[in-house]
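Visitor: I'd like to learn how to read helix packing. Can you walk me through it?

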Amino acid sequence: MSETPDPIRTAHQWLKEAAELIGASPEEATALIKELLDLTKDVAHTQSRPAAPLTAYLVGLASKNTDEARAHIATLKEALNR
């Protein structure tokens, strides 16, 4: 019987590969997986499912580094909880 792959591990591997393909840092690409997944889950459940991945994209567009992305995620999560 084959094991089902762990989706977080698979996502982590894909993000590292994708980052290398587009010239981004694999470490930065995988630094906020949990935070981004939590944010997109909240957006999908409170706003709109199609808006969830687009919100993650928006965080990336607006962020110069991982710390700034983390701050943007916190701002959006706070707005969702109002």
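Guide: Sure, let's begin with one pair of helices. T55, V59 and A62 in α4 meet E68, A69, H72, I73 and L76 in α5; contact means heavy atoms within 4.5 Å. Helices here are DSSP runs (H or I, at least four residues), numbered from the N terminus. This is a predicted model, where local features need pLDDT of at least 70 and side-chain atom pairs count only at pLDDT 80 or more, while totals for chains, interfaces and linings use all residues. Residues are numbered from 1 along each chain as its sequence is written, and side-chain values use heavy atoms, with hydrogens and water left out.

Visitor: Which classes do the residues in the contact of α4 with α5 divide into?

Guide: Five are nonpolar, two polar and one charged. Ala, Val, Leu, Ile, Met, Phe, Trp, Tyr, Cys and Pro count as nonpolar, Asp, Glu, Lys and Arg as charged, and the others, Gly among them, as polar.

Visitor: And how do I describe the packing itself?

Guide: Two packed helices are described by the angle between their axes and the distance between the axes. Here α4 and α5 pack at about 135°, with axes 9 Å apart. The axes are lines fitted to C-alpha atoms over the stretch in contact, and angles run from 0 to 180 degrees between N-to-C directions. So α4 and α5 are oblique to each other; under 35 degrees counts as roughly parallel, over 145 as roughly antiparallel, 65 to 115 as roughly perpendicular and the rest as oblique.

Visitor: At what angle do the axes of α3 and α5 cross?

Guide: Roughly 25°, and those axes come within 10 Å. That's why α3 and α5 are roughly parallel to each other. By class, their contact has six nonpolar, one polar and five charged residues.

Visitor: What about α3 and α4?

Guide: Their axes come within 8 Å and cross at roughly 135°, which means α3 is oblique to α4. The contact of α3 with α4 has nine nonpolar, two polar and no charged residues.

Visitor: Why would nonpolar residues gather?

Guide: In soluble globular proteins, nonpolar side chains tend to be buried together.

Visitor: Which residues make up the largest nonpolar core?

Guide: There are eight: L32, L39, V43, A52, V59, A69, I73 and L80. A nonpolar core is a set of buried Ala, Val, Leu, Ile, Met, Phe, Trp, Tyr and Cys residues joined through side-chain atoms within 4.5 Å. Buried means under 20% relative accessible area, exposed over 50%, partly exposed in between (1.4 Å probe, protein chains only). The largest share, three residues, comes from α5.

Technical notes. Helices (H or I, at least four residues) and strands (E, at least two) are DSSP runs, numbered from the N terminus.
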